[in-house]
Amino acid sequence: MDAKAMAAGPSVAPTLSAAASTALLTDRYELTMLQAALRSGAAHRRSVFEVFTRRLPDGRRYGVLAGTGRVLDAIANFRFDTAQLDWLADQRVVDEPTLRWLADYRFTGDVTGYPEGEVYFPGSPLLTVEGSFAEAVILETVILSILNFDSAVAAAASRMTAAAGERPCIEMGARRAHESAAVAAARAAYVAGFAATSDLQAGFSHGIPTTGTAAHAFTLLHDTEKDAFTAQIASMGTGTTLLVDTYDLAEAVRTAVEVAGPELGAVRIDSGDLTLLAHRVRRQLDDLGARQTRIIVTSDLDEYAIAALAAAPVDGYGVGTSLVTGSGHPTCAMVYKLVARAASADPDAPLVPVAKRSAGAKSSLGGRKWAARRLDADGVAEAEVVGTGEVPAELADRLLQVPLVRGGEPVGREPLAAVRERHRRAVAGLPLSATQLSRGEPVLPTELVLG
């Protein structure tokens with residue numbers, strides 16, 4: 001890991017070219033429902049779908065919404081091209097009238113929701129999609145695919161950055177995930193406070209700072225460790241980070257300072273008892289006069305390992321596998337449910353609340369929802385209030401949802417820097433117990449106000 005790169009700000013993201021169609025990133029039953037609804041005449045009824053989760057992963061105190069920006073791109077690029085339509089026809093997924101409808105598909109409805117980076121709780125109406133049943137229902141799978149994965153990574157990242165405090169965390173999980181998921185994971189981690197990523201595509205696509213220097217293979221390539229360090233310093237300068245645990249750690253640290261001098265940027269430890277070794281390496285570096293040389297640790301870290309290193313002389317953390325797998329919770333169990341639909345296909349027909357009524361914990365609450373966060377006298381959040389009908393006057397200035405799409409046009413795109421800052425403020429506004437790693441219930445209760 002490059003010590004200088006971790007502190008660097010994000011570069012400007014390049015202008016995105018036309019993205020590939022997202023139209024087949026869906027389940028077959030979305031299109032078969034569409035076909036049946038077109039045939040019955042109900043497809044054009046105005047409908048309201050809602051994304052929410054019934055519970056947080058066991059032991060988590062809050063969730064983190066991430067992926068909203070990617071959802072806006074996915075909706076904008078939900079277009080069926082000729083090859084896709086030909087394949088649907090060849091596979092007999094849907095009939096000819098449905099294919100003709102899909103050929104002209106453009107989402108023309110509205111989307112509102114929590115802004116990206118915001119925290120959420122069980123029942124929070126994270127995304128509300130309104131349009132005809134036909135145009136809204138087929139977005140279900142791609143929206144849930146993005147939000148469930150990105151939010152799981154962001155929630156894990158938020159716990160890790162909270163445990164790390166002021167020490168930077170580096171995302172380095174690309175080799176532990178699908179290549180596209182790795183880019184999404186780097187973006188979600190950055191939203192939740194990670195300082196940089198090792199993934200160059202994430203840097204190119206999203207303007208995230210990238211960092212990285214050398215692996216053990218580089219040391220093993222050379223005849224001696226000193227040769228490897230000399231080559232790296234000659235190429236990257238003394239501010240680079242040298243990996244010092246290929247052979248003998250103490251000897252490697254001595255050689256690193258001998259080659260680079262006391263201006264050596266950082267050393268990285270990737271194995272062993274990191275707490276013990278960090279103390280030993282810090283003492284050795286100081287004794288060698290390299291008092292400003294930083295110590296970066298990697299090796300299967302998660303939020304608990306990071307917290308355990310709080311008292312160790314560590315300057316940064318590199319996190320891979322646990323991050324891109326949600327630190328044990330790789331999905332947020334978000335669902336996309338129809339909560340209201342028009343009484344008829346008449347554009348002026350009133351909306352009728354609808355809800356799933358089933359045994360167990362899989363029922364839902366009908367009606368379009370609003371959400372607000374109530375604060376106590378000290379300005380600290382004390383409840384997530386979710387309601388239908390009129391918003392109470394005392395909560396009118398605490399509403400959480402914002403416009404994201406209007407008339408089919410995205411209006412909610414924003415820089416990742418703004419999303420990162422929102423997340424920082426959102427967590428800072430929660431009770432202090434929110435960032436404790438001990439198991440517990442959601443830090444805020446969800447209160448329902450039914451109009």
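1. Let's start with helix 8, residues 179–191. How far apart should its ends be? At 1.5 Å a residue, the 13 residues should span 18 Å, and the end C-alpha atoms are 19 Å apart, which agrees. Bear in mind that this is a predicted model, here and in every point below.

2. Helix 8 is also well covered. Of its 13 residues, 10 are buried, so the helix is largely enclosed by the rest of the structure. If you want to click through them, the buried ones are Ala182, Val183, Ala184, Ala185, Ala186, Arg187, Ala188, Ala189, Tyr190 and Val191. Notice that Arg187 and Tyr190 are on that list along with the alanines and valines. After the helix comes Gly193, with a positive phi near 110°.

3. Stepping back for the overall picture: the protein has 451 residues, and 51% of them count as buried. It contains 16 helices and 18 strands. The C-alpha trace spans about 80 × 60 × 40 Å along its principal axes. Take the contacts between residues at least 6 apart in sequence: 75% of these join residues at least 24 apart.

4. What about the surface and the charges? About 19800 Å² is exposed, and carbon and sulfur atoms supply 53% of that area. There are 44 positive and 53 negative side chains, with the centres of the two sets 4 Å apart.

5. Next, have a look at strand 15, residues 381–387. Is this strand mostly covered or mostly open? It is mostly covered, with 6 of its 7 residues buried. It pairs with strand 14 (residues 370–375) in the antiparallel sense, over 6 bridges. The two strands make a hairpin with 5 residues between them, and Gly379 in the turn has a positive phi of about 85°.

6. Strand 15 has another partner too: 4 bridges join it to strand 18 (residues 446–449), and this pair runs parallel. Val385 is a handy residue for seeing both pairings. In strand 14, Ala372 has Val385 as its bridge partner, while Glu447 in strand 18 stands opposite Val385.

7. Now for an open sheet of 6 strands. Which order do the strands take? It is 7-6-11-10-9-8, with parallel pairing. Strand 7 (196–197) and strand 8 (241–243) stand at the edges with a single partner strand each, so one side of each has no neighbour in the sheet. Further in, strand 6 (residues 169–171) runs parallel to strand 11 (residues 316–319), and 3 bridges join them. One bridge pair to look for there is Glu171 with Val319 in strand 11.

8. Just before edge strand 8 you'll find Thr240, in the loop between helix 11 (225–236) and that strand. Despite the loop setting, Thr240 is buried, with a relative accessible area of 1%. What does it touch, leaving aside neighbours within four places in sequence? Its contacts are Thr213, Gln232, Ile233, Leu264, Gly265 and Ala266.

9. Glu303 is worth a visit as well. This residue belongs to helix 14 (residues 303–308). Is Glu303 buried or exposed? Its relative accessibility is 0%, so it counts as buried. Beyond neighbours within four places in sequence, Glu303 is in contact with Arg60, Arg159, Met160, Ala163, Ser327 and Leu437. Gln232, which came up among the contacts of Thr240, is 71 residues from Glu303 along the chain, and their C-alpha atoms are separated by 31 Å.

10. Finally, two backbone angles to check. Most residues other than glycine have a negative phi. Ser327, one of the contacts of Glu303, has a positive phi near 50°. Ala333 is another non-glycine residue with a positive phi, about 60°. Where do they sit? Ser327 lies in the loop between helix 15 (321–324) and strand 12 (334–342), and Ala333 is found in the loop between helix 15 and strand 12 as well. As for cover, Ser327 counts as buried at 15% relative accessibility, the cut-off being under 20%. Ala333 is partly exposed, with a relative accessible area of 42%.

Note on methods
Residues are numbered from 1 along each chain as its sequence is written. This is a predicted model: local features need pLDDT of at least 70, side-chain atom pairs count only at pLDDT 80 or more; totals for chains, interfaces and linings use all residues. Side-chain values use heavy atoms; hydrogens and water are left out. The expected span of a helix is 1.5 Å times one less than its number of residues. Buried means under 20% relative accessible area, exposed over 50%, partly exposed in between (1.4 Å probe, protein chains only). Two strands pair if DSSP finds at least two bridges between them. Contact means heavy atoms within 4.5 Å. Accessible areas come from the Shrake-Rupley method with a 1.4 Å probe; for residues, only the protein chains shown count as cover. Lys and Arg count as positive and Asp and Glu as negative; His and the chain ends are not counted. The place of a charge is taken as NZ of Lys, CZ of Arg, CG of Asp or CD of Glu.
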